[in-house]
Amino acid sequence: MYVSLPSYPCTRIMTLNGQIGCSSSHGGDSGILYLIDSNESYNNYFSYNQQKDVIVVFDSNYFNKTLVLEMYSKKKMNGALVLTDIEKTYPYSPEDQYPIKQYGLYPDSKLTWNPNGDNFTYMNFPFPMFALELETSIYIRNLSTMNRNGKYPAYGAELDSFMQGAINAETCLRRGFCEPVGGQSIWSSFSEVIDQSKQIILVMLPIDTTAFFRDLATGTDQSAYALVVLLSILNTLQGVDKTKWNKEVIFAMWNSERWGYVGSTNFVNDLLNFNCTSLNSENENSCSSPPMDDLTFEQIKFENIYAIIEFNQLGRPVPSGKKTPNHLDIYNLVFHPNGGSADQLMKVFAQSAQSYENSTIQFQTTTQKELPPCSSMSFIKEINKKSPLNFIGTLVITDHDYQYRNPYFGYEQDNSDNIDTTTSTLFDIVQVFSKSIDVLAGGNGTVKADEFFIREINTCFTQNIQCSLITKFMSTFPYNPIPNYYSSVYGVSPTNHITPIETRFIYKMATYLTQHRTNATNCTSDYDCDTASSICVNKVCIYSNTHYHNAISLAFSFDDSKSSWAIVNTSYPIFVESNWDYTTVRLFKVGSYSNEIWFLVSGLIELLLSVGIIFYIKKYLSKRYKLL
């Protein structure tokens, strides 16, 4: 008898030259559970001969690249279950030590931004691996401990995560078993129409995250905390007098950045090179050739961009060792400037912090000459092609000077517990950032952040997405309470997108917070409102200059004749995700070997006795009654 368990699979990604991730064999892989939660249990594993096939159950402290590869190379294991009931007690990242270096500004850099990285995410494993949720982890820990101690009945598991993709990205796309990794970026403005006579301040961040188990990719310090800051800034600035602004402010959230700055690169390329040859006859704001759902981005002129301000990892600022007059700890965020008006940007932010009474946030300037991995690199690459160099001032704000202060970058434990600040510090960050942006845009800096909103949105986006806000904005409800910002796949065609609920939620929040008009229409869904850039909330259509933008690598092009994606430029990132039918972990009982032998012998004895009795009765009846 099988019992299905809640679980989160390791999936398979195809690259230009091969594949990464995990897959079970067709029909799944099974074995007896064996727990590794100590050095002793790890060493005993190699002499564990109780069963031929083993599913290894990893305590989180024993799940890393070194141990998994050593165990697999020395002794066959049919799969792995990773427990989440006890958190890892040492810093660990399965990402590269310089994330996506080959797609950034410094492909030959010698810097190590992520010192805890071991590149585990980019390995290929020919067996299934799953993480288990909290309560299931406790249950499986107990059962696998009994197994290890020789108790019977023993317990086994069947792990089924068969990935249809194989070989490499080109082969997988040609066979129709993969889709490009990607998604939808989001950009928004308080202006109903972008004034092309004004300079532009671009405030932005990457919104997607990574984790070895994609369904647990909250990435609180990696992205989610900065997302909370940006949305809270929108909420703060919606109440200021923007008639004084002499610059346009555009807020952008790029998707699929962790796979080679895909969203930002695509946006820059479209700003500079997109040319619609045939408008959609049913919607003049969309293009049918080449396909583009929304042409509003054409209001943005690349040469009008005056400054770029990027938030990139903000949740673990540097302790300054100082305290405010009311005895709160003061933290430092770090400026990473690049060219142009960057000095002016830093000056305004620093003055905003200094003028804010009892601020727990200050700023320091990095000691590094290179920018950290960031979306701004997509813009600077184009800026550097032009003259004069660095005519756009760029300021990346982070919580680290050099090496990441995030001990779990790209790992499941980069959750709300990984944040090293208080709610008051988060409030101060929003207050200082909002004031700075208002001043840079031409305002007087009179802003007031909403502490209740900040608390509510922080809980929703970093702790439990099954929150009150999502019931207000969304018609569907997330099945998984864990916020997950994995970018997913782009879609099966240029206009048929697969957009996760988290991305749709962010889009609706941005639309609501930057609204410029409303219409009480008794609407029941977004489709009842008359434009694409509008949403329905509480029977009211809300209109905003907020838009999706395609986040798909320029390596791919859609072949209409074959109705499939194809690789057309190998100089851009190539990551495609395998299709699968379903994934499951099923628990079952396993009897002892001696008991099974005894049952077999008992069955044979019973069979022989039955045959003997039948033979005797037949012979008796034949002699006495001549019946047979």
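**Exercise 1. State where Pro 290 lies and describe the peptide bond that joins Ser 289 and Pro 290.**

Solution.
Step 1. Pro 290 is found in the loop between β16 (283–289) and β17 (291–292). The model treated here and below is a predicted one.
Step 2. The bond joining Ser 289 and Pro 290 is a cis peptide bond.
Step 3. Its omega is about -10°.
Step 4. For context, most peptide bonds are trans.

**Exercise 2. For Ser 488 and Ser 563, give the phi angle, place each residue in the chain, and decide whether it is buried or exposed.**

Solution.
Step 1. As background, most residues other than glycine have a negative phi.
Step 2. Ser 488 is not a glycine, yet its phi is positive, at about 70°.
Step 3. The loop between α11 (468–473) and β23 (491–493) contains Ser 488.
Step 4. The relative accessible area of Ser 488 is 10%. The cut-off for buried is under 20%, so Ser 488 is buried.
Step 5. Ser 563, also not a glycine, has a positive phi of about 55°.
Step 6. Ser 563 sits in the loop between β29 (556–559) and β30 (564–567).
Step 7. Ser 563 has a relative accessibility of 53%. Exposed requires over 50%, so Ser 563 counts as exposed.

**Exercise 3. Describe the salt bridge between Glu 70 and Lys 74, and explain how the two residues are placed in helix α2.**

Solution.
Step 1. The side chains of Glu 70 and Lys 74 form a salt bridge, with an N to O distance of 2.9 Å.
Step 2. The criterion is a distance within 4 Å, and the 2.9 Å pair is a salt bridge.
Step 3. Both residues belong to helix α2 (residues 65–74). Because they are four residues apart there, about one helical turn separates them.
Step 4. Glu 70 is partly exposed, at 25% relative accessibility. Lys 74 is exposed, with a relative accessible area of 54%.

**Exercise 4. Describe the salt bridge of Arg 174 with Glu 170 and the accessibility of each partner.**

Solution.
Step 1. The closest N and O atoms of Arg 174 and Glu 170 are 3.3 Å apart, and the two residues form a salt bridge.
Step 2. Helix α4 (residues 169–175) holds both, four residues apart, which is about one turn of the helix.
Step 3. Arg 174 counts as exposed, at 56% relative accessibility. Glu 170 counts as partly exposed, at 40%.

**Exercise 5. Which parts of the chain does the salt bridge between Asp 85 and Arg 141 link?**

Solution.
Step 1. In the salt bridge of Asp 85 with Arg 141, the closest N and O atoms are 2.8 Å apart.
Step 2. This pair links distant parts of the chain, the two residues being 56 residues apart. Asp 85 is in the loop between β7 (79–82) and β8 (124–125), and Arg 141 is in helix α3 (residues 134–148).
Step 3. Asp 85 is partly exposed at 21% relative accessibility, whereas Arg 141 is buried at 13%.
Step 4. The structure holds 12 salt bridges in total.

**Exercise 6. Characterise the surroundings of Ser 232.**

Solution.
Step 1. Ser 232 is part of helix α5 (residues 220–237).
Step 2. The relative accessible area of Ser 232 is 1%, so this residue is buried.
Step 3. A polar atom of the Ser 232 side chain lies 2.8 Å from the backbone oxygen of Val 228.
Step 4. Neighbours within four places in sequence are now set aside. Ser 232 is then in contact with Val 430, Phe 453, Ile 454 and Ile 457.

**Exercise 7. How many cavities of 30 Å³ or more does the structure hold, and what lines the largest and the second largest?**

Solution.
Step 1. There are six cavities of 30 Å³ or more.
Step 2. The largest cavity has about 200 Å³ of space. It is lined by 15 residues, of which Ile 13, Thr 121, Ala 211, Phe 212 and Trp 259 are the closest to its centre.
Step 3. By class, the lining of the largest cavity has eight nonpolar, four polar and three charged residues.
Step 4. The second largest cavity has about 140 Å³ of space. Among its 17 lining residues, Pro 99, Ile 100, Glu 257, Arg 258 and Phe 409 are the closest to its centre.
Step 5. The lining of the second largest cavity comprises nine nonpolar, five polar and three charged residues.

Conventions:
Residues are numbered from 1 along each chain as its sequence is written. This is a predicted model: local features need pLDDT of at least 70, side-chain atom pairs count only at pLDDT 80 or more; totals for chains, interfaces and linings use all residues. Side-chain values use heavy atoms; hydrogens and water are left out. Buried means under 20% relative accessible area, exposed over 50%, partly exposed in between (1.4 Å probe, protein chains only). A polar contact is a pair of N or O atoms within 3.5 Å; within protein, one must be able to donate a hydrogen and the other to accept it, and residues adjacent in sequence count only if both atoms are side-chain atoms. Contact means heavy atoms within 4.5 Å. On a 1 Å grid over the protein atoms alone, a cavity is a set of points where a 1.4 Å probe fits but cannot get out, and a pocket is an open set with protein on both sides within 12 Å along at least five of seven lines; lining residues have an atom within 4 Å of a point. Grid points are joined across faces, edges and corners, and a volume is the space filled by probe spheres set on the points. Ala, Val, Leu, Ile, Met, Phe, Trp, Tyr, Cys and Pro count as nonpolar, Asp, Glu, Lys and Arg as charged, and the others, Gly among them, as polar.
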